[in-house]
Amino acid sequence: MKNMSLKEIAAACGGTYHGDPALLSKEASSVAIDSRKVQKDTLFVAIKGARVDGHSFIPQVMEQGAICSLSEQDLGDVTYPYIQVATCTDALKDLAEHYRRSLDIKVVGISGSVGKTSTKEMIASVLSEKYCVLKTEGNFNNEIGLPLTVFNLREEHEVAVLEMGISDFGEMDRLSKIAQPDISVITNIGLCHLENLKTRDGILKAKTEIFNNMKPDGIAILNGDDDKLITGDEVNGKKPERFGINYKDGVYAKDIENLGLSGTKFVISGLNCVDGCKDFEVTVPVPGHHMIYNALAAACVGAALELTSAQIADGIADLKTISGRNNIIKTSKYTLIDDCYNANPVSMKASVDVLDMAIGRKVCILGNMYELGENEKNLHYDVGQYIGTKNIDVLITIGDLARHIAMGTDDYMETHFGSYDCEIHSFDDMEEFNMAYSSILKDNDNILIKASHAMKFADIVELLSKDN
């Protein structure tokens with residue numbers, strides 16, 4: 001963070017400063033909500049969590065060298081400065097919004113039901129061919145994480161690529177108020193967070209709140225193959241840019257060549273690059289049909305920010321995978337598709353498609369998908385139906401909901417696989433799986449590992465990575 005004095009901070013978050021007036025001109029070097037990350041001149045924000053109240057760490061962080069703390073409490077007669085605010089979470093967001101407004105930087109905001117993180121990585125990889133880029137790290141995409149990401153912007157950064165995740169109405173409006181995107185990308189409208197958003201129309205309404213605080217001359221980049229995203233002709237008075245495979249009225253992919261687990265080669269067509277090139281070949285080094293969409297979205301962003309076709313192609317080719325996100329791991333025994341960070345029905349089917357590209361025996365290890373609402377059992381069942389249409393050799397499920405992928409729902413208790421040659425194993429928990437997996441898996445298996453984050457399937461990835 002740069003050029004934020006205590007006086008400016010107090011004004012931006014509507015707080016009351018307590019302490020030596022001579023310190024009001026001092027500037028904070030960073031913002032932290034974790035006492036372990038406090039360094040010299042850090043502004044500490046005392047967030048009340050479910051188990052830990054950050055206020056209890058204020059004396060400690062001030063001794064560590066923090067410049068000031070934001071507090072919801074009157075701390076009384078203390079020897080260090082603090083700024084008292086109504087709520088620290090709101091103050092954090094207000095401060096991030098103020099800081100963003102002070103920056104002369106382009107911001108790309110990314111939303112959607114599936115593929116936000118992989119699209120973010122692709123866009124950042126492309127833009128890094130020309131610019132110094134800051135991107136969202138890990139799961140810092142919510143109302144706490146996004147402000148902390150914004151505070152990491154420094155003088156050298158030219159573009160920020162910000163992932164924005166929500167689970168309810170109003171959240172995206174608040175996130176976009178912080179990000180104030182110049183370019184808004186929506187990957188798709190799928191089935192996730194149905195507990196609050198109820199329907200795909202509800203999801204569409206919530207996701208498109210990203211446009212509420214987009215810059216007046218901002219650009220919307222949308223998936224033209226998505227039946228919900230194709231419905232609007234204007235975004236804030238301007239025609240959106242669209243990309244797709246079947247959609248041919250914007251930027252689209254043609255001459256697609258599947259390279260198996262080595263990725264996909266295709267031609268991007270219809271893009272208005274700064275070098276005048278409209279058709280050029282690219283290679284995505286990560287497998288999966290959905291990665292074509294990610295590359296098309298990144299190409300649209302790259303063209304909007306004046307990259308050449310060569311820079312866009314190089315950025316796509318240079319994409320690196322991250323743990324838990326369609327990450328291919330080759331061990332001495334197996335080829336693992338580590339896609340265990342999270343799951344919903346759309347992303348799980350996409351990952352099954354990736355596995356289906358493999359040569360050799362194909363094994364799915366799938367777990368519970370959460371936050372699917374009252375129809376959760378049928379949505380798991382539907383994934384099972386989809387698997388039955390693919391060339392999958394072994395299906396392993398772990399968890400009570402995942403059992404419905406293999407065995408149906410309360411209404412449909414029959415298995416899907418009577419007519420498919422697929423070996424099925426269902427386990428109640430990880431302990432049962434750990435005792436049985438060695439007798440099921442074989443050398444040279446291709447194994448997909450996927451479930452909602454709470455299932456902790458990263459433990460399976462670690463286990464199989466070390467299995468010799």
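In the next few minutes I will go through a sheet, a tyrosine within it, the nonpolar cores and one helix of this predicted model.

Let me begin with the sheet, which is open and is formed by 5 strands in the order 1-5-4-3-2, with mixed pairing. At its edges lie strand 1 (16-18) and strand 2 (30-32), each of which pairs on one side only. If direction is ignored, neighbouring strands of this sheet are turned against each other by 25° on average. Within the sheet, strand 4 (residues 68-71) and strand 5 (residues 82-84) run in the parallel sense and pair over 3 bridges, and in strand 5 it is Tyr 82 that stands opposite Ser 69.

I would like to stay with Tyr 82 for a moment. Is Tyr 82 buried or exposed? Its relative accessible area is 1%, and because buried means under 20%, Tyr 82 counts as buried. Leaving aside residues up to four places away in sequence, Tyr 82 touches, among others, Thr 16, Tyr 17 and His 18, as well as Cys 68, Ser 69 and Asp 74. With Asp 74 there is also a polar contact between the side chains, at 3.1 Å. By way of contrast, Gly 109 is 27 residues from Tyr 82 along the chain, and the C-alpha atoms of the two are separated by 33 Å.

Now to the cores. In soluble globular proteins, nonpolar side chains tend to be buried together. Here the largest nonpolar core has 76 residues, of which Ile 9, Leu 70, Ile 83 and Phe 151 touch the most other members. Helix 3 (residues 88-101) gives the most to this core, namely 6 residues. A second core, separate from that one, has 43 residues and includes Tyr 131, Cys 273, Cys 300 and Ile 312. As for Ile 83, its contacts beyond four places in sequence include Leu 6, Ile 9, Ala 10, Cys 13 and Leu 70.

Finally, helix 11 (residues 345-356), where a simple check on length is possible. With 12 residues at 1.5 Å a residue, the helix should span 16 Å, and its end C-alpha atoms are 16 Å apart, so the expectation and the model agree. At the start of helix 11, a side-chain oxygen of Asn 344 comes to within 3.1 Å of the backbone nitrogen of Val 346. The buried residues of this helix include Pro 345, Met 348, Val 352 and Leu 355. What covers the buried residues of helix 11? Among the elements that do so are helix 9 (290-304), helix 12 (376-387), strand 17 (362-367) and strand 20 (446-450).

Note on methods. Residues numbered from 1 in each chain as written. Predicted model: local features only at pLDDT ≥ 70, side-chain atom pairs only at ≥ 80, totals over all residues. Heavy atoms only, no water. Helix = DSSP H or I, 4+ residues; strand = E, 2+ residues; numbered from the N terminus. Expected span 1.5 Å × (residues − 1). Buried < 20%, exposed > 50% of the residue type's maximum accessible area, 1.4 Å probe, protein only. Contact = heavy atoms within 4.5 Å. Polar contact = N/O pair within 3.5 Å; in protein donor to acceptor, adjacent residues only side chain to side chain. Core = buried A, V, L, I, M, F, W, Y, C linked by side-chain atoms within 4.5 Å. Pairing = 2+ DSSP bridges. Axes fitted to C-alpha atoms, helices over the stretch in contact; angles between N-to-C directions.
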